[in-house]
Amino acid sequence: MSLMTYEVIACPTCKWKQEVEVWASLNVTIDPSLRARLFAGEINFFRCLCGCEGELAASLLYHDMARKIAIHLYPAGVQIDTTGMDPSTWLELPEYLRHPKIVASLEEMCELIELMEKGN
Ligand SMILES: [Zn+2]
């Protein structure tokens, strides 16, 4: 499942506030357009009219069921959160999903996706 919420974020430079999409997880098997948007820099990326831009400090799970790829992005300073995990359902998850690869930036995530896709 893909999870997205809207958040109002103030530009760190000019303080202008805008509503941005904040994605918590991308299931690219169900919605392949999300993979394209990720590689186009349209996922969890902030752009302001003043020219200020950057990655949002949000964790993101990339999930490709067909290729068995799971990559979790934890930006610097964001705690790895396992509090929502129910041990009984966790055990039913496939191995690759129980131990997602961990990256620290969107750039790293895209590089790893391409690498893992080639490997399969
Ligand atoms: Zn701005």
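**Exercise 1. Get an overview of the chain.**

Work out what share of the 120 residues of the protein chain counts as buried.

*Solution.* Start with the cut-offs: buried means under 20% relative accessible area, exposed over 50%, and partly exposed in between, with a 1.4 Å probe and protein chains only. By this rule, 36% of the 120 residues are buried. Before going on, note that this is a predicted model, in which local features need pLDDT of at least 70, side-chain atom pairs count only at pLDDT 80 or more, and totals for chains, interfaces and linings use all residues. Residues are numbered from 1 along each chain as its sequence is written, and side-chain values use heavy atoms, with hydrogens and water left out.

Next, look at the extent: the C-alpha trace spans about 45 × 35 × 25 Å along its principal axes. Finally, list the elements, where helices (H or I, at least four residues) and strands (E, at least two) are DSSP runs numbered from the N terminus. The chain has four helices and seven strands, in the order β-β-α-β-β-β-β-α-α-β-α from the N terminus.

**Exercise 2. Lay out the sheet.**

Find the strand order of the open five-stranded sheet, and say which strands stand at its edges.

*Solution.* Use the pairing rule first: two strands pair if DSSP finds at least two bridges between them. The order is then β1-β2-β5-β6-β7, with mixed pairing. At the edges stand β1 (3-10) and β7 (101-103); each has a single partner strand, so one side of each is left without a neighbour in the sheet. On average, neighbouring strands are turned by 25° against each other, direction ignored.

Now add the helix. Helix α4 (residues 106-119) packs on this sheet and touches β5, β6 and β7, where contact means heavy atoms within 4.5 Å. The direction of α4 makes about 170° with that of β6; axes are lines fitted to C-alpha atoms, for helices over the stretch in contact, and angles run from 0 to 180 degrees between N-to-C directions.

**Exercise 3. Follow strand β5.**

Decide how β5 is joined to β2 and to β6, and whether its residues are buried or exposed.

*Solution.* Take β2 (residues 17-27) first: three bridges join β2 to β5, and the two run parallel. Here Asn27 stands opposite His63 of β5.

Then turn to β6 (residues 69-73). Five bridges join β6 to β5 (residues 60-64), and these strands run antiparallel. Tyr62 faces Ile71 of β6, while Leu61 has His72 as its bridge partner.

Last, check the cover: five of the five residues of β5 are buried. Leu60, Tyr62 and Asp64 point one way, and Leu61 and His63 point the other way.

**Exercise 4. Compare two residues with positive phi.**

Locate Asn44 and Lys68, and sort each as buried or exposed.

*Solution.* Recall the background: most residues other than glycine have a negative phi. Asn44 has a phi near 50° and lies in the loop between α1 (33-39) and β3 (45-47). Its relative accessibility is 2%, so Asn44 counts as buried.

Lys68 has a phi near 55° and belongs to the turn of the β5-β6 hairpin, which has four residues between its strands. With a relative accessible area of 54%, Lys68 is exposed.

**Exercise 5. Inspect a charge over a ring.**

Which ring has the charged end of Arg35 over it?

*Solution.* The test asks for NZ of Lys or CZ of Arg within 6 Å of the ring centre and within 35 degrees of the ring normal. The ring is that of Phe39, with the charged end of Arg35 4.3 Å from its centre.
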